[in-house]
Amino acid sequence: METNWIEIGDINDIPLRGARCVKLQQGRIAVFRTSESEVFAIEDHCPHKGGPLSQGIVHGKAVTCPLHNWVISLETGKALGADRGEVRTIPVRNEDGALSIALESLMMAAE
Amino acid sequence: MTQKLIIIGNGMAPGRMLEHLLEQAPGLYEVTIFNAEPRVNYDRIMLSPVLSGEKTYEQIVIHGDGWYIEHGITLYKGHKIVSINRDAKTVTSDHGVTESYDKLVIATGSVPFIIPVPGKDLPGVITYRDLDDVQAMLLAAQSREKAIVIGGGLLGLEAAAGLASRGMDVTVLHVMPTLMERQLDPAAGYLLQKAVEERGIKVITKANTKQILGTSKVEGIELDNGTIIPATLVVMAVGIRPNIGLAKEAGLAVNRGIVVDAGMQTSDGDILSLGECAEVGGMVYGLVAPLYEMARIAALHLAGDRRPAFVHSDTPTKLKVTGINLFSLGDFAVGDDREEIVLRDAAAGVYKRLVLKDNRIIGTVLYGETTDGAWFNELKKKATDISEMRETLIFGQAYQGGSPLDPMAAVAALPDDAEICGCNGVCKGKITGAITAKGLTSLDDVRAHTKASASCGSCTGLVEQLMSITLGDVYNPAAVQPMCTCTELGHDDVRRLIKAKSLKTIPAVMQALQWKTSCGCAKCRPALNYYLVCDWPDDYADDYQSRFINERVHANIQKDGTYSVVPRMWGGVTNSGELRAIADVVDKFEIPMVKVTGGQRIDLLGIEKEDLPAVWADLGKAGFVSGQAYAKGLRTVKTCVGSDWCRFGTQDSTGLGIRIEKFMWGSWTPAKLKLAVSGCPRNCAEATCKDIGVICVDSGFEIHFAGAAGLDIKGTEVLGLVKTADEALHHIVALTQMYREQGRYLERIYKWAKRIGLDEIRRQIIDDAEKRQAYYDRFVFSQRFAQVDPWSERVSGKDKHEFRPMATIGYSEAAE
């Protein structure tokens with residue numbers, strides 16, 4: 001199946017070490033930009049108690065959930081440290097700063 | 001029979017020579033030293049830290065008076081030798097002392113080069129060579145006026161950084177196009193210039209000084225191109241010349257320096273020379289490592305061993321300016337027979353360049369990231385063929401042969417003969433050997449026994465790692481709790497170093513304090529951001545990405561991802577207009593919950609993030625500002641109705657509470673700060689369980705602090721009684737500032753007070769009026785930058801991106 005890429009905006013819309021969210025009817029995607037300007041997208045829903053990960057502090061390639069400080073890897077979506085849990089990661093394409101996310105993963109993520 | 005040894009000069013080289021000699025052949029010589037400076041032997045490399053205030057003179061003394069007495073050495077302080085009579089084998093000082101010698105060591109060092117321009121002799125023109133120069137600079141810096149440093153080399157830049165950190169407005173003039181061109185290539189020189197300029201130091205390259213202006217003292221400098229730069233202090237740091245006058249007059253062979261053979265012997269068989277004045281193999285030296293090698297050789301010869309010979313080796317250069325890391329070694333000029341490997345990381349300010357010839361490193365320039373300097377030095381020294389690891393060489397040792405990235409492992413993997421301390425030429429094996437053989441357990445012990453990290457100190461980290469590897473868990477460098485896993489330093493050390501090293505950005509802190517992670521974590525970043533906001537209110541640009549979400553969006557996140565909004569109600573007092581405005585906002589935005597808080601104000605809960613700016617806009621129209629109910633900062637000042645209404649009220653508690661809140665709102669503190677003012681000891685505002693509370697009494701205002709009514713329950717302590725509302729405000733503000741400056745991030749005031757001690761706090765805030773005033777003034781200064789209503793800023797468009805989704809996908813037009 002061909003990947004359906006959906007444009008979501010420009011990399012400069014996201015602050016360095018920051019995140020924005022993308023709203024879709026089925027839920028929210030958090031799009032992160034690390035200090036190295038790498039971009040990652042994951043479900044905006046902490047596996048612990050559903051906290052909005054897009055609101056957390058971004059450090060290295062991880063984010064700390066604002067509700068109870070779980071640390072989630074942006075690369076794998078897995079909780080780091082002693083916590084167990086995981087969120088879906090969504091492929092992001094970065095073409096000279098123009099960002100797109102992959103639709104079918106997105107649908108799966110939204111279920 | 002004991003022979004007489006006379007040493008002219010008491011710098012680091014002869015000092016080191018004596019240490020070796022006393023070890024090799026104790027009692028062989030009766031030693032006399034003539035020192036033109038009126039001092040003992042001190043560490044000249046550390047003059048820059050003395051200038052910048054990171055060290056004191058006492059801390060850089062190598063041999064105190066006791067050392068000379070203990071070893072039976074006669075030291076003539078402030079005696080300059082004016083003549084050597086080689087026939088009679090005597091020397092004579094300017095004070096008329098004549099002593100005879102069997103062996104003489106000339107260690108007269110160097111003199112600073114003074115550029116021969118008009119005005120060079122004006123008062124206010126100084127060099128940078130010894131402690132007297134540093135003291136002259138410190139004196140001049142008190143004026144906080146303009147200074148010019150001529151010379152953009154190692155010494156000049158250290159002087160400039162020191163003067164700048166002492167508050168002077170500094171300009172560096174450098175004759176070449178880039179800084180430190182003898183040690184750095186242009187690319188690294190450029191990065192260095194940027195870093196220097198970031199410290200507020202102006203740099204003018206290609207600057208030729210025409211003359212120094214002034215009549216009775218320095219007033220400025222005129223350049224060749226006519227530019228005039230005003231200054232009250234001019235520091236000449238353009239280079240040094242071997243000090244050979246005395247040797248020349250005595251008829252010894254001299255060239256650029258005093259000519260010696262590889263055994264440090266001059267043209268006279270009974271006279272040796274070493275240090276910056278000596279020329280060996282056609283070279284003169286200014287860095288400490290080769291000078292110490294001369295000291296070792298000279299000591300062996302004096303002890304009777306004629307075999308050891310001085311061999312030239314390149315010495316790495318490091319700049320001792322806090323926060324600027326650079327490393328330069330060997331030859332880095334380009335050539336047809338040479339290749340180079342370059343790595344740049346602009347964002348991180350890193351530049352690395354290796355110059356290769358026949359697959360061997362011959363030169364290295366590292367800027368920004370210098371930890372692999374020792375390893376490259378090792379490869380160069382051993383002329384290791386690097387073709388096998390060429391692809392990954394520039395990334396450093398940790399990337400070779402799949403060995404781990406752990407810095408401990410990298411140190412563990414170094415061979416025993418790898419040089420750890422460049423200043424003193426101490427290799428790894430000597431350090432680990434001494435630790436084991438002598439049972440050393442502290443860094444000071446290791447320094448005392450091996451000299452490793454005892455000079456410039458830049459290898460301290462490596463030495464500590466060696467101690468950890470050798471001693472295992474027995475060695476505990478930091479008994480303090482580290483801030484987080486990104487650092488070994490505790491909160492107090494970090495705060496102290498931020499001040500001492502004038503670190504003014506989070507990357508600068510992480511760089512200078514050697515953070516183990518690239519950009520910290522959710523624990524250290526908010527803490528660092530607070531420390532920087534507190535310490536540099538005017539300079540520091542608040543890093544919102546290092547703030548917890550509540551402080552980033554100025555509302556309190558709730559469990560479902562919505563926010564709550566609490567407008568300020570000064571002293572808990574409101575009116576019909578405000579209440580009506582709140583009611584309208586609740587209706588308009590369908591706010592599901594309205595709740596009265598414990599801090600005498602109103603909480604609006606369940607607001608979507610996207611709606612926050614619109615809610616604030618409506619509240620703002622009614623005159624509301626943020627209540628900072630989300631902040632590690634001033635929250636509320638609760639009051640009772642006091643003497644205005646209450647039949648028991650002794651003072652206007654409501655008025656005082658409002659006054660305090662209006663004075664202190666917007667200030668950031670280590671943890672949240674809640675206040676209360678009660679109008680009488682019945683204490684209806686519950687002031688005695690607050691961070692700071694006031695109990696009004698007939699005779700004045702009793703100030704309380706360090707209460708708690710959360711995780712812990714604790715009544716307040718009494719700070720003291722003051723007579724007027726003005727004094728009450730003054731004391732409360734000063735106490736808050738003391739807590740702001742000393743508290744650890746997230747440490748409530750009662751925990752801080754327990755740590756510092758109530759008596760100490762009372763001593764500083766109640767007893768010491770001067771200190772109290774200084775705290776007060778610093779708080780007031782900081783408020784100039786802090787008292788901006790964050791809500792109205794965001795209503796005006798600041799941080800727009802925070803409150804909107806980046807994209808909305810799959811909604812039909814109508815749904816929007």
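What follows is a chat about a predicted model, covering a chain contact, a helix and one histidine.

Trainee: How many residues does each chain put into the contact?

Mentor: Chain A gives 28 residues and chain B gives 22 residues.

Trainee: And which strands of chain A each supply at least two residues of the side that touches chain B?

Mentor: Those are β1 (5-10), β2 (18-24) and β5 (57-59). The largest share comes from β2(A), with 6 residues.

Trainee: How do the residues on that side of chain A divide?

Mentor: There are 14 nonpolar, 10 polar and 4 charged ones.

Trainee: Back to β2(A): is its pairing with β42 of chain B parallel or antiparallel?

Mentor: Parallel, over 3 bridges, with β42 spanning residues 807-809 of chain B. In β42(B), B:Ile809 is what A:Leu24 stands opposite.

Trainee: New topic. Which residues of α5 in chain B are buried?

Mentor: In that helix, residues 131-141, you'll find B:Met137, B:Ala140 and B:Ala141 buried. They sit on the same side of α5(B), because the arc they cover around the axis is only 100 degrees.

Trainee: What covers the buried residues of α5(B)?

Mentor: Among the elements of chain B that do so are α2 (47-52), β11 (125-127), β12 (146-150), α6 (154-165) and β18 (233-236).

Trainee: Last one: where is B:His449?

Mentor: In helix α13 of chain B, residues 443-450.

Trainee: Why does B:His449 count as partly exposed?

Mentor: Because B:His449 has 17 C-beta neighbours inside 10 Å, and buried takes 20 or more while exposed takes 12 or fewer.

Trainee: What does B:His449 touch, not counting residues up to four places away in sequence?

Mentor: B:Ala434, B:Lys438 and B:Leu440. B:Lys438 is 11 residues from B:His449 in sequence, and their C-alpha atoms are 8.7 Å apart.

Methods
Residues numbered from 1 in each chain as written. Chains lettered and ligands numbered in written order. Predicted model: local features only at pLDDT ≥ 70, side-chain atom pairs only at ≥ 80, totals over all residues. Contact = placed C-beta atoms within 7 Å. Helix = DSSP H or I, 4+ residues; strand = E, 2+ residues; numbered from the N terminus. Nonpolar A, V, L, I, M, F, W, Y, C, P; charged D, E, K, R; others polar. Pairing = 2+ DSSP bridges. Arc of directions from axis to C-beta.
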